[in-house]
Amino acid sequence: MLFHRRSMPQAYTIRTYQRFPVALPIRYGHPHDLGHGIIQNLSRRGWRMETRHAVPAGTKLSLFIFLPGDPDPITVEHASVRWVKGRTCGVNIILMQPHDWFRLSQFVTRLMQQHFGSTGIVGKE
């Protein structure tokens, strides 16, 4: 069984979920490039990341997210770049395995608990 979320329209939408500040390494791949970057804020549905090279809006990606203290990255089989501003872009999750979804969800839950008790950035070493 896979977690699958339908693509949302490109129009502006108000988020119904919280994003949390982080500094998490990420590796990504798409048909024209392999790269890495830093996730700057994170939710259960997506994130904002900065990359070395601009990734065009609409690009489909596969990604590996590296959590602090965890040797195994979270794998996202399919994600989509929703918006781009320079080398910063918004990424929306489309498809990932349930065990990776669970790990991401647990990490975001920990961020929520930390956020309401402190305002520090999580994951920055």
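Author: Let's begin with a definition: a helix is a DSSP run of at least four residues in state H or I, and a strand is a run of at least two in state E, both numbered from the N terminus. Please keep in mind that this is a predicted model.

Reader: What makes up the secondary structure of the chain?

Author: One helix and seven strands. Read from the N terminus, the order is β-β-β-β-β-β-β-α.

Reader: Why is H1 called a helix?

Author: H1 covers residues 98–115, which gives it 18 residues. A helix needs at least four, so H1 qualifies. Its first and last C-alpha atoms are 25 Å apart, close to the 26 Å expected at 1.5 Å a residue.

Reader: Which residues of H1 are buried, and what do they pack against?

Author: The buried ones are Asp100, Arg103, Leu104, Ser105, Phe107, Val108 and Leu111. They pack against four strands: S2 (20–30), S3 (33–42), S6 (74–85) and S7 (88–96). A general point helps with the spacing: an α-helix has 3.6 residues a turn, so residues three or four places apart point the same way.

Reader: Why does Ser105 count as buried?

Author: Its relative accessible area is 18%. Buried means under 20%, so Ser105 meets the cut-off. Ser105 lies in helix H1, and its side chain makes a polar contact of 2.9 Å with the side chain of Arg44.

Reader: How do you know that this is a polar contact?

Author: The limit for such a pair of N or O atoms is 3.5 Å, and 2.9 Å is within 3.5 Å, so the distance fits.

Reader: Where is Thr59, and is Thr59 buried or exposed?

Author: Thr59 is in the loop between S4 and strand S5 (60–65). Its relative accessibility is 13%, which is under 20%, so Thr59 is buried. Leaving out residues up to four places away in sequence, Thr59 touches His30, Ala79, Ser80 and Val81. For the chain of 125 residues, 39% count as buried.

Reader: How do you know that S2 and S3 pair?

Author: Pairing takes at least two bridges, and nine bridges join S2 to S3, so these strands pair. They run antiparallel, and Pro21 stands opposite Asn41 in S3. The two strands form a hairpin, with two residues between them.

Reader: What makes S3 and S4 a pair?

Author: Five bridges link S3 to strand S4 (residues 46–51), and at least two are needed, so S3 and S4 pair too, in the antiparallel sense. Met49 in S4 is the bridge partner of Ile39. This is also a hairpin, with three residues between the strands.

Reader: Which residues of the largest nonpolar core touch the most other members?

Author: They are Ile39, Leu42, Trp47, Met49, Leu63 and Ile65, out of 26 residues in that core. S2, S3, S4, S5, S6, S7 and H1 each supply at least two residues of this core, and S2 gives the largest share, five residues. In soluble globular proteins, nonpolar side chains tend to be buried together.

Reader: What does Trp47 touch?

Author: Not counting residues up to four places away in sequence, its contacts include Ile26, Ile39, Leu63, Ile65, Val76 and Ile93. Arg19 and Asn41 are also among the residues that Trp47 touches.

Reader: How many of the contacts in the chain join residues 24 or more positions apart?

Author: Among contacts with a separation of 6 or more, such pairs account for 56%.

Methods:
Residues numbered from 1 in each chain as written. Predicted model: local features only at pLDDT ≥ 70, side-chain atom pairs only at ≥ 80, totals over all residues. Heavy atoms only, no water. Expected span 1.5 Å × (residues − 1). Buried < 20%, exposed > 50% of the residue type's maximum accessible area, 1.4 Å probe, protein only. Contact = heavy atoms within 4.5 Å. Polar contact = N/O pair within 3.5 Å; in protein donor to acceptor, adjacent residues only side chain to side chain. Core = buried A, V, L, I, M, F, W, Y, C linked by side-chain atoms within 4.5 Å.
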